[in-house]
Amino acid sequence: MKFLRGNNLAFLIFFVFSILVPIIFPLFLNDYWIKLYSEILIWSLLAASVNILFGYLGLLSFGQALYFGFGMYGVAIGVAKFGLGLWSSFLLGILVSVSMATVAGSVAVRLTWHYFAIITVVFSLIFYFVALSWKPITGGDDGLPFLPPDIINIFDFKISLTNPTAQYYFIIFFVLLCYFLILKLLNSPLGKTFIAIKENNLKSELIGINTYKIKLIGFIFAGFVAGVAGCLFAFYGRYASASYMFYHVSGEAVVWSIIGGVGSFLGPVIGTGLLIMVREELSNFWDHYLLLVGVVVVLLVIFAPQGLAGLYNRLLKKIFNKNNNA
Amino acid sequence: MDTLIVLALNGLIWGLIIALIALGLSIIFGLLDVINIAHGDFFMLGSVFAWFIIKFTGNFWLAIFIVPIIGFGLGALCEILIIRPIKNAAALSIVATFGLSIFLQESVRATYGAAPKRLMTPINDTFLLFGTEYEFYRLFAAFFAILIISIFFLFLHKTKIGIWMRAVRFNPEIATAMGIPTKKIYSFTFALGFALAAQGGVIAAPITTVDFQSGIDILPFCFMAVIIGGLGNLEGTVAAALILSTFEGVVATFGDPTVARISSLVLMCIILILRPHGIFSGAKS
């Protein structure tokens, strides 16, 4: 049972919970919450891609929305302009975001800390403005809507995204797959190398690690995760818009992951979930709910600098220490 | 050719305002190691305060003197309430100032309103510049920005507090050991950064529109000026802001503003790749 510990256990609980959501939630919540849960999970992938770079490689990226946007546009342009089906447009979205991450990463990971943060912003801003002004292809600020293609369409057997349950499991499947890949990565020697580079770049170089190559792999993987999130969000919202590529979206992802607990496996899910739920709940009855969001974010950083995951760990330690003393 | 000169001049003047704001960002960044996401909103607050003061008193000149003082006070408050508890940790400062940024934007939206408004130019005169009517106010804005920037540099190099600030930046531990009140210097620096951004906001208000989101657009540009000028190199920050903004003005002659924005971003990219530590190396890191 050794493998059922820490991150593996957390993943298992997360997995089972996500599968059961359409069964549990209707008992005491309405269908809207199931939809919201899948949206939270999509955004949490964007935060997870920040977490891979910042939490495990020590690279703070302010441009992950770029790959999110590329995934989104890959799907939307694939469906609306090329008339592709669901799977081929999905593939297109992943392909373009991964290629973009490869190009941007090969330049960006040469730089460190502040310079890295700035160049990722610059990249995302360039393509944000391109998407904004290239109206015939991207639809600019209005966005590019499309009709969702079928998931499966063989003979008379059809499953479409218009079926809420099908859409839910479609999204959950890929989100969980991504988290599974992240978990596999973290448990692998490559994941340990990531942490070595984060702890000390120079020492890692001295023991023979090709830090440039490892960082590039990490960057491309993070781009892939953000790209999948973008594709899923395009299917979820059935449109793509340039506004999701703005640096403010990347900034939100950074905040979500730090609030959740940077460097913890499920931290991004917790952080994203909390902030999106606060937003959804409060916005119903208070127009200026963002005032409270701002205060909550500041207070969390002051009183829980390790994020919510860190707070939980601290609490756990306290309880166990008490038990030991007793 | 005439439009080129006019637009380049516009770019240069805008660059001076950006330089003013970026200087505030740079000292906060260099001294406190705080990545201040809310800095654009300090600029926005400056122009909103100016709008309110002009609405109630009708006097622009009053605004130009009072707003930086309000900014200074608010800056000190923010430092004590938000920055000090997180002990200048760079990663946390991003989140804390992001929260501050949300809070500031939303409080402006709640009081001032979401619709952008225009501020009347305090100097209505225009003069003929290469066949176009050029607003006299823009020239005033440029001179005022130069004045403030010069005072700032004089302050930093000639006064006791200025020298303390540079000492704390150089080595906070030794500075504390030498009897410099490091904590007060931190608060003072953050407040000064806020005041500079607010001053930029007042000067810029009659040129652009007053909008609760104007800070979001200006922030990346300021950061780029700081980084490209070389971290901690304040003269470099000013130069980078001027170069980038003038370049954007020149390109805007040939294409639309978005193309100009894209090309200045590409220029920045190239600079960062070729000179990763800024165009003016010898940056005191």
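**Notebook: a predicted two-chain model**

I began with helix α5 of chain B, residues 136-158. At 1.5 Å a residue, its 23 residues should span 33 Å, and I find the end C-alpha atoms 33 Å apart, so the two agree. I note that this is a predicted model.

Next I asked which residues of α5(B) are buried. I listed Y137(B), R138(B), A141(B), A145(B), I148(B) and F152(B). In general, an α-helix has 3.6 residues a turn, so residues three or four places apart point the same way. Then I looked for what covers the buried residues of α5(B). The cover includes α1 (2-32), β3 and α8 (182-204) of chain B.

**Hairpin in chain B**

I followed β3(B) to its partner. Strand β2 (residues 126-129) and strand β3 (residues 132-135) of chain B run antiparallel, and four bridges join them. I checked one pair across the strands: L128(B) stands opposite E133(B). The two strands form a hairpin, with two residues between them. In the turn I found F130(B) with a positive phi of about 50°.

**Two more positive phi values**

I looked at R238(A). Its phi is positive, about 60°, although R238(A) is not a glycine. I placed R238(A) in the loop between α10 and β4 (239-240) of chain A. Is R238(A) buried or exposed? I counted 16 other C-beta atoms within 10 Å, so R238(A) is partly exposed. Being buried would take 20 or more.

D33(B) came next. I read a positive phi of about 60° here too, and D33(B) is not a glycine. D33(B) sits in the loop between α1 and α2 (39-57) of chain B. I found 15 C-beta neighbours inside 10 Å, so D33(B) also counts as partly exposed.

**Contact between the chains**

How many residues of chain A are in contact with chain B? I got 33 residues of chain A, in contact with 33 residues of chain B. On the chain A side, the elements that give two or more residues are α5 (113-133), α11 (247-260) and α13 (290-303). I see that α5(A) gives the most, with 12 residues. I sorted this side of chain A by class: 27 residues are nonpolar, six are polar and none is charged.

**Nonpolar cores**

I then turned to the largest nonpolar core. It has 196 residues. Those with the most contacts inside this core are V122(A), V225(A), I21(B), C222(B) and A225(B). I found that α1(B) gives the most to this core, with 16 residues.

I took A225(B) and asked which residues it touches, not counting those up to four places away in sequence. I listed I18(B), A19(B), A22(B), T237(B), A240(B), A241(B) and L244(B).

Apart from the largest core I found another, of five residues. Among them are F265(A), L266(A), V269(A) and A309(A).

**Confidence**

I closed with the predictor's scores. Chain A has a mean pLDDT of 83, and 96% of its residues reach 70 or more. Within chain A, confidence is lowest in strand β2 (residues 150-154), at a mean of 71. It is highest in helix α10 (residues 211-237) of chain A, at 92.

For chain B I noted a mean pLDDT of 84, with 96% of its residues at 70 or more. Here β2(B) is lowest, at a mean of 72, and α8(B) is highest, at 90. So my hairpin notes include the lowest-confidence element of chain B, β2(B).

For the complex, I recorded an ipTM of 0.80 and a pTM of 0.83 from the predictor.

Key:
Residues numbered from 1 in each chain as written. Chains lettered and ligands numbered in written order. Predicted model: local features only at pLDDT ≥ 70, side-chain atom pairs only at ≥ 80, totals over all residues. Contact = placed C-beta atoms within 7 Å. Nonpolar A, V, L, I, M, F, W, Y, C, P; charged D, E, K, R; others polar. Pairing = 2+ DSSP bridges. Expected span 1.5 Å × (residues − 1). Buried ≥ 20, exposed ≤ 12 C-beta atoms within 10 Å, placed from the backbone. pLDDT = per-residue confidence, 0-100. Core = buried A, V, L, I, M, F, W, Y, C linked by C-beta atoms within 7 Å.
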